Amino acid sequence: MRRDWMAEWKRIGIEVGYLPVGARYAGSAAGGAENLRVEVNPEDHWTRQRFSVAHEVGHIVIDWALETGRAIDATGLELERLCDRFASLALAPRHAVLKFISTKGAPSWSPWTAIGLAKHLAIGVEQAIRAVADTALCKDFALIAARPRGHPLREEVVSLRLECA
């Protein structure tokens with residue numbers, strides 16, 4: 001069931017709005033501590049929009065850490081992956097993932113279990129698979145995932161495949 005996910009962020013002082021239709025990116029953040037606003041792509045599924053907000057908050061946290069003298073050695077793609085990791089941990093905390101998996105007879109799980117976890121935590125399937133992988137229940141895995149309209153760099157890729165060894 002779709003919940004009022006924007007209210008989740010508003011409760012902690014983050015206003016969520018929409019990017020212009022046709023934007024080629026998932027999210028953007030602006031403002032400061034008093035008026036933080038994150039905009040998401042209106043064409044993305046609401047669970048992706050929710051992830052985009054958490055990703056942008058990751059950028060804000062990292063910017064704050066850098067401003068206060070903490071050393072974070074990440075730029076470009078590494079920084080984007082770090083913000084993805086932040087978002088995944090914020091939306092799919094390890095204890096919640098382990099609790100869900102324990103009810104499904106872990107460690108023998110399948111992509112269908114990942115889909116159930118995604119629905120349970122209101123996250124994308126890719127984030128659910130990564131969350132399961134982070135638990136070390138599945139140490140070696142291959143993941144190929146894309147948005148329904150295709151990967152931004154490889155538009156012909158529109159499927160999801162998971163292999164766990």
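In this predicted model, helix α2 is followed by glycine 69, a residue whose phi is positive, near 90°. The helix that precedes this glycine covers residues 46–67. At 1.5 Å a residue, the 22 residues of α2 should span 32 Å, and the end C-alpha atoms are indeed 32 Å apart, so expectation and model agree.

Helix α2 lies across β1, β2 and β3, and its direction makes an angle of about 140° with β3. These 3 strands form an open sheet with mixed pairing, in the order β1-β3-β2. The edge strands are β1 (14–18) and β2 (27–30), each of which pairs on one side only. From one strand to the next, the twist averages 20°.

The two pairings of the sheet may be taken in turn. Strand β1 runs parallel to β3 (residues 36–40), and 5 bridges join them. Within this pairing, isoleucine 14 stands opposite leucine 36 in β3, and tyrosine 18 has valine 40 as its bridge partner. Strands β2 and β3, by contrast, run antiparallel and are joined by 4 bridges. Here glycine 27 stands opposite valine 40.

The side chains of β3 alternate along the strand: Leu36, Val38 and Val40 point to one face and are buried, whereas Arg37 and Glu39 point to the other face and are not buried.

Between β1 and β2 the chain forms a loop that contains tyrosine 25. This tyrosine counts as partly exposed because its relative accessibility is 44%, a value between the limits of 20% and 50%. Leaving out residues up to four places away in sequence, tyrosine 25 touches Leu19 and Asn41. The C-alpha atom of tyrosine 25 is also 8.3 Å from that of valine 40, a residue 15 positions away along the chain.

Returning to helix α2, one residue within it is histidine 55. Histidine 55 is buried, because its relative accessible area is 8%, and the limit for burial is under 20%. The side chain of histidine 55 makes a polar contact of 3.1 Å with the side chain of histidine 59. Apart from neighbours within four places in sequence, histidine 55 is in contact with Glu80, Cys83, Asp84 and Ala87.

In soluble globular proteins, nonpolar side chains tend to be buried together. In this model, the largest nonpolar core has 27 residues, and those with the most contacts inside it are Trp5, Trp9, Val53, Val97, Leu117, Leu121 and Ile123. Two or more residues come from each of α1 (5–10), β1, β3, α2, α3 (76–91), α4 (94–102), α5 (111–121) and α6 (125–134). Helix α2 gives the most to this core, with 5 residues. Leucine 117, one of the residues with the most contacts inside the core, touches Val97, Phe100, Ile123, Ala128 and Val132 when residues up to four places away in sequence are not counted.

A final feature lies in the loop between α5 and α6, where alanine 122 is found. Most residues other than glycine have a negative phi. Alanine 122 has a positive phi of about 55° although it is not a glycine. This alanine counts as buried, because its relative accessibility is 7%.

Methods:
Residues are numbered from 1 along each chain as its sequence is written. This is a predicted model: local features need pLDDT of at least 70, side-chain atom pairs count only at pLDDT 80 or more; totals for chains, interfaces and linings use all residues. Side-chain values use heavy atoms; hydrogens and water are left out. Two strands pair if DSSP finds at least two bridges between them. Axes are lines fitted to C-alpha atoms, for helices over the stretch in contact, and angles run from 0 to 180 degrees between N-to-C directions. Contact means heavy atoms within 4.5 Å. Buried means under 20% relative accessible area, exposed over 50%, partly exposed in between (1.4 Å probe, protein chains only). A polar contact is a pair of N or O atoms within 3.5 Å; within protein, one must be able to donate a hydrogen and the other to accept it, and residues adjacent in sequence count only if both atoms are side-chain atoms. A nonpolar core is a set of buried Ala, Val, Leu, Ile, Met, Phe, Trp, Tyr and Cys residues joined through side-chain atoms within 4.5 Å. The expected span of a helix is 1.5 Å times one less than its number of residues.
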